[in-house]
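Work through three short exercises on one protein model. Keep the sequence and the 3D view open as you go.

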Amino acid sequence: MAGAGSPTNQGLDASGLRIAIVHGRWHQQIADGLLEGARRALAEMGADVLELPVPGAFELPVVAQAALEAGADGAVALGVIIRGGTPHFEYVAQAATIGLTDVAVRTGKPVGFGVLTTDDEQQGLDRAGLTGSKEDKGREAAEAVVEAALALRSLRG
């Protein structure tokens, strides 16, 4: 379910689009929920999907870039970063965010940002699209990348 205030992109047609889902494996229950949400959304929209698992959020940018350079029309980046007692959280969150932004700008192709940065596990569970979750950030990231890819396609003719 989409969160309150989030745009709904029902009816998007992703036929002919090849979308890579690059997904981290840390915090498996939450990560699996994000992945399932993105899978469902892209299947409903008719996208051709390539799934690329990576260890964690830090590895998302380099693999997303490789997928886009290899011909994907867009990438959905999914990861989970939960705050701990060290500055590690800030470093990984910043690296993933800046890295994915750079990839999108450098390649001229959209990257759907589905990286959760939470204070605790419960916040991640609430956003993972699982039964009982308040939001489905995997779905939202997939819808965002398709909408952006379609906008870019219309500009390129």
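Exercises on the sheet, its helices and a pocket follow.

The model is predicted, so local features need pLDDT of at least 70 and side-chain atom pairs 80 or more, while totals for chains, interfaces and linings use all residues. Residues are numbered from 1 along each chain as its sequence is written, and side-chain values use heavy atoms, without hydrogens and water.

**Exercise 1.** Find the order of the strands in the sheet and name those at the edges.

Solution.
- Strands are DSSP runs of E with at least two residues; helices are runs of H or I with at least four, and both are numbered from the N terminus.
- Two strands pair if DSSP finds at least two bridges between them.
- Four strands form an open, parallel sheet in the order 2-1-3-4.
- Strand 2 (48–54) and strand 4 (111–118) each have a single partner strand, so one side of each lacks a neighbour in the sheet.
- Strand 1 (residues 18–24) pairs with strand 2 over seven bridges.
- In this region, G24 stands opposite V54 in strand 2.

**Exercise 2.** Trace the chain from strand 1 to strand 2 and give the hand of the crossover.

Solution.
- The path runs through helix 1 (residues 28–45).
- The β-α-β crossover is right-handed: with the strands pointing away from the viewer, the path from the first strand over the helix to the second runs clockwise.

**Exercise 3.** Sort the lining of the largest pocket by residue class.

Solution.
- The lining divides into eight nonpolar (Ala, Val, Leu, Ile, Met, Phe, Trp, Tyr, Cys, Pro), eight polar (the others, Gly among them) and three charged (Asp, Glu, Lys, Arg) residues.
- A pocket is an open set of points on a 1 Å grid over the protein atoms alone, where a 1.4 Å probe fits, with protein on both sides within 12 Å along at least five of seven lines; lining residues have an atom within 4 Å of a point.
- Strand 3 gives the largest share, four residues.
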